[in-house]
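Visitor: I would like a close look at a single part of this structure, the disulfides, with enough of the surroundings to place them. Please take the links one at a time and then widen the view.

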Amino acid sequence: INECLTNPCGNNAACFNTPGSFRCQCAPGYTARPSGCIDINECDLNPCDSNAQCTNTEGSFVCTCNTGYSGTGLVCADINECLNSPCHTNGLCTNIPGSFQCSCQVGFTGDGFFCGDINECLTNPCHSAATCTNTEGSYTCACNTGYTGDGLLCRDINECASRPCDARYGVCNNIPGSFTCACITGFFGDGFTCTDVNECLAGPCHVRGNCTNTPGSYYCSCDEGYILRNGDECIDVDECLTNPCNINAECSNVPGSFACICRPGYSGNGFDDCSDINECLVSSTCHKNADCTNTIGSYECRCKPGFTGNGLSCVDINECLTVSCHVNADCNNYPGSFACVCKPGYSGDGLTCVNVNECLTNPCHSLAVCLDTEGSFECRCRTGYTGDGFSCADINECLSRPCHVNGICSNSPGSYTCTCQQGYDGDGQVRCDDMNECLRNPCHVNATCTNFPGSFTCRCNAFFTGDGFNCQDINDCLTFPCHIRANCVNYVGGFDCVCKTGYTGPGVWCRDIDECVERFNNPPCTDLALCTDLEGSFRCGCREGYTGNGTICNDIDECASQPCHIHANCINAPGAHQCVCKDGFVGDGLSCIGAGACPDPSVCDVNAVCAYSNNQTFCSCKAGFSGDGNTCVDVDECLTKPCHELASCINTIGSYVCRCPTGFTGSGKQCLDINECAALPCPSGSICTNSPGSYRCSCPVGFLYDFGLGRCTDMNECSNNPCRLGTTCVNTLGSYHCDPIERCPCGDIRINSVCVKPFRYHVCVVFAQGAVYSPALLSNTSDEYKSLEANLTAELNYVYWNSAVKNYFIGTTVSRFSSEVYNSRTVLKSCFIVYHYINTTGLTADKLSDAIEDSSTPTSNPNELQFGKEDSFVIVQDRITSSDINECVAQTCSPCHQLANCSNLPGTYNCSCHDGFQGDGVISCQDINECASNPCPVDSSCVNTIGSFDCQCSRTGFTYNGQSCQDIDECISANRCPFGFTCENNPGSHKCLGRCIRAIDMAFAVDTSGSIRLPNFNLIKEFLYQVVRDHDVGEDFAHFAVIHFSTNATVLFNFNRLRNAELTATNVNSLINMLPYDGGETSIDLALVRARDHIFTDAGGWRSAQNIPKVLVVITDGRQTSGGNLTQLAANLKSKGVVIITVGIGSQVVRDELVQIAQGAAENVIEIDDFALLKNKTDTLIERSCR
């Protein structure tokens, strides 16, 4: 008996059958014990390297090197971790057994894995006069400017040793790290350059003395008639003590001189001549129209001819009362005489007068005709001109728009011409017809010409790009329009998407072909093989019992390996084999024993085979059982895992069953995946992907699954803003693209890189027979409407997406549902819009029907096509219609230019620019420059405006009235001049005549800086004299004060200086005559301070309590030299009620500063080009101040 068949040794030993017994031998790694073979713990013997860990396993052991070591575990070597640079770039790595250490380099701090630079400068390592600069891992020291050294030690540089200051008048002072230069007394400057101080500018000498400047000092000398005392005082000399006058004269001493005056009755110079006075020459009391005769000690008066009286009083005789002049003459009486003068238009001596022909002197304008009249003449402008005859201006006939609406009017002297605009033909006045430029084929062969009134546009056809005059094919494949599993084929004027080998679909999406199922007419594999579908391909594998490549499979002869018992025969069969015990033996072929008839079969187990041989009964358990034959128990074959790895094993009495899991097919010993996708389990429009034992339904890229509809619907990728800045996202079916912000013309849409014009088709859809109709569908806000709208949109998209017109198709829009009945079914009317590319092979209703037919289910009605989930919709083919789109109102924006009018036309529209603009009306409307035709008069300039033009007169004070430039009568405006003044209108201007007769406190701040120059300074004084004379000066009228400023500011006199009887214009001007010329810089700010603190104050004499004007006139030829807040100072004076008027003279003044001083009031700024013109501005100043 083979005891080993019952496995008596256990799983950890080998059994050897011996005659009448058996022997057990423990497997390697195990040792024998009475209880059996137990595992040996090899780790107790320390078989591993000292740097390894030992792990005992069943029958063996495992050595694993410790962290930081590498090897087999029996032998372990240290790993040099530093070779992988684990430390910071500024760190140092040190390898140690089984590990490593990181430390930072000098100049850095950290744990070695991160090293930060140490800022050594924080410890102040450098000299106090040096600057420390931290560097990566170190630092540097550099001496500061003015010091020398290495930075660790710095010493001061004595700059004075190189004599940097002014060689003659400068003093150098060395200081730590630098030096200073200063000028000696009597000189000024920065020390590097020293200039002599002109002490004479400060007026150190007596008013009657003269100052002479010297280097570093000055000296004084007196005028003639004075003697010097104490170095700077001039004393008057009394010349009368020497009797210098004539004996008949009196001597009067005056400051600096003397005067000799003849006594009464004498006349002369008083020095050497005093003669008798001829009263008729110097002191006659005779009337001015009388003659004086001198007598000794007296004189006599007699009236002149033409006068009458006693000589002291003479009255003119009016001769015109007695003399008769010509009827066309006037008698003019003159003092002492008369004259007859011919009236204007006549000539003669007054006693005889004849008519004068004025036209002989050409008094009229060159464009006028002169007509002589009695005593006068008349000027009339010629045809085409307008005016009074003395001035004639061309009439711009173009203003009345005499030309055609599409014509251009060109004004010419005395006339005009009309020509048609570009793009029009005609005489320009009565007729301008549009020229159809498209008739001459100006565009590229692959472009479409669109005629517009006066113009045309060329637009490349779909799938082409360019300006319309030159169009090139667009390689649409560059925009990746096809599915990832498709190849894009570009051709001139279009492209096509072709699914790659192993895939099928319209190209915009591709699904895997299940060759194992779909090639049933031409199976890819032999019948002796199993087919497995792969992504884009398939695999053939020979069935169990066969060998080969799957295309060819040959039977395996299993008998060659002698699988049967020695007393059995092996029979090979296709794909299998069979073991059969030889005659005289019984068994399953794998085990056979001698077969004699058992005298008593019952001695064996029911599941055993009984054999009789040599008078001995043998019992042997059947296959699937184990035991000694007398007793047989079922063997659990599943413990040996006889089935396929994916199959489940079920033990049975004496055998077992292998069953493949769900999703697989086969015997159980071989299990092959079932391709569920072959049964099309997924919704239409989705993609089925087979997986081991199952499958997955997914939507194509760019689509999402709508669980409510059970359909794939388009994903709006634009909702996630995927495009970069500067582009706009355009959603398309299954994808999107980013367009530049420069979008297509309004009304067009972009397909890939092409702008196309959309067209619309209406398709009539009805419910399929038996479908339920709800009246709620008539309301587009109901849930039923929204659900059906989404469902129908998805179904229609899918129909066209899979159709032959997919490249035309953009999308669908459900517009409305109606309750119209068609064949007893409710109609969904005007359901959606189909767009197609313009100027290609046109999309027609027939093509739409064919496309729908390709993707729909035919019905018994040849005019109907059924589609949709559960075939719930029907399209009526003969109700596919197109309709015109009113582009002018249907778009969210106007298709025309914003400066154009849109007119709808059948199948298109027209854009025309507004009046005053020209262009195609679509892309551009550009302003017409009407000024190019010179529409304005000769004395004006033309200014083009948006859509029109304006004529602006060249001369100030004139305005354009539509035909010519006319003088503006400024005097019409109320209050043009101050009270008491008379307004006189002049051509282009006006003048206020009169004197300021109101009370006013007026102060002058006069610039006396060096830039003024003495001659100009005298002109300023003349200006001030005239301003004073033009005011009524007195206690109840005008008061004056004067400040002069240069480097400093000084009050010459305030409002208190003259009072009561002394307050006259003469006395004010006498004080102004004493105004000194200072020279120096321009300190306007100091003048404003003096005005604020010393003039317009109670101490300065202003009349603060009275409601009268307070005016400060600032006169300057430059700008503030430096510093000073002029705005604040001007505001301070404004808060006191003082108005500032600025007078700027010459090219060095800054208008912004003058306005700033004038408290922001630009109207109170007077600018003059030259000092000589100052006298002409007195009226302007008084007009602005005397209000």
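**The disulfides and their setting**

Guide: In this predicted model, a disulfide joins Cys 9 to Cys 24, with an S to S distance of 1.8 Å. The torsion about the S-S bond of Cys 9 and Cys 24 is about -80°, so this disulfide is left-handed. Cys 9 lies in the segment before strand E1 (13-18), whereas Cys 24 belongs to strand E2 (residues 21-26), so the pair ties together parts that are 15 residues apart in sequence. As for exposure, Cys 9 is buried at a relative accessible area of 13%, because a residue counts as buried under 20%, while Cys 24, at 40% relative accessibility, counts as partly exposed.

A second link is formed by Cys 183 and Cys 194, whose sulfur atoms are 2.1 Å apart. The torsion about the S-S bond of Cys 183 and Cys 194 is -95°, and the link is left-handed. Here Cys 183 lies in strand E18 (residues 178-183) and Cys 194 in strand E20 (residues 194-196), so the pair ties together parts that are 11 residues apart in sequence. Cys 194 is buried, with a relative accessible area of 10%.

A third link joins Cys 262 to Cys 274, with S to S at 2.2 Å. About its S-S bond the torsion of Cys 262 and Cys 274 is about -90°, so this disulfide is left-handed. The pair links distant parts of the chain, with Cys 262 in strand E26 (residues 257-262) and Cys 274 in the loop between strand E27 (266-267) and strand E28 (275-276), 12 residues apart. Cys 262 counts as buried at 14% relative accessibility, and Cys 274 is buried as well, with a relative accessible area of 11%.

These links are examples, for a search of the whole structure finds 52 disulfides. The chain that carries them has 11 helices and 100 strands, and of its 1187 residues 37% count as buried. Among contacts in the chain with a separation of 6 or more, residues 24 or more positions apart account for 37%. The chain exposes about 65,200 Å², of which carbon and sulfur atoms supply 51%.

Two helices add to this setting. Glu 515 has its place in helix H2 (residues 515-518), and it is buried, with a relative accessible area of 6%. Leaving aside neighbours within four places in sequence, Glu 515 is in contact with Gly 502, Pro 524, Asp 533, Gly 536, Ser 537 and Phe 538. In helix H11 (residues 1178-1185), six of the eight residues are buried, so this helix is largely enclosed by the rest of the structure. The buried residues of H11 are Thr 1178, Thr 1180, Leu 1181, Ile 1182, Glu 1183 and Ser 1185, and the elements they pack against include helix H6 (1014-1029), strand E95 (1000-1007) and strand E99 (1138-1145).

Finally, there is the enclosed space to consider. The structure holds three cavities of 30 Å³ or more, and about 40 Å³ of space lies in the largest cavity. The residues that line the largest cavity include His 1039, Phe 1040, Asn 1054, Arg 1057 and Leu 1063, and its lining divides into six nonpolar residues, two polar and one charged.

Notes: Residues are numbered from 1 along each chain as its sequence is written. This is a predicted model: local features need pLDDT of at least 70, side-chain atom pairs count only at pLDDT 80 or more; totals for chains, interfaces and linings use all residues. Side-chain values use heavy atoms; hydrogens and water are left out. Helices (H or I, at least four residues) and strands (E, at least two) are DSSP runs, numbered from the N terminus. Buried means under 20% relative accessible area, exposed over 50%, partly exposed in between (1.4 Å probe, protein chains only). Contact means heavy atoms within 4.5 Å. On a 1 Å grid over the protein atoms alone, a cavity is a set of points where a 1.4 Å probe fits but cannot get out, and a pocket is an open set with protein on both sides within 12 Å along at least five of seven lines; lining residues have an atom within 4 Å of a point. Grid points are joined across faces, edges and corners, and a volume is the space filled by probe spheres set on the points. Ala, Val, Leu, Ile, Met, Phe, Trp, Tyr, Cys and Pro count as nonpolar, Asp, Glu, Lys and Arg as charged, and the others, Gly among them, as polar. Accessible areas come from the Shrake-Rupley method with a 1.4 Å probe; for residues, only the protein chains shown count as cover. A disulfide is a pair of cysteine sulfur atoms within 2.5 Å.
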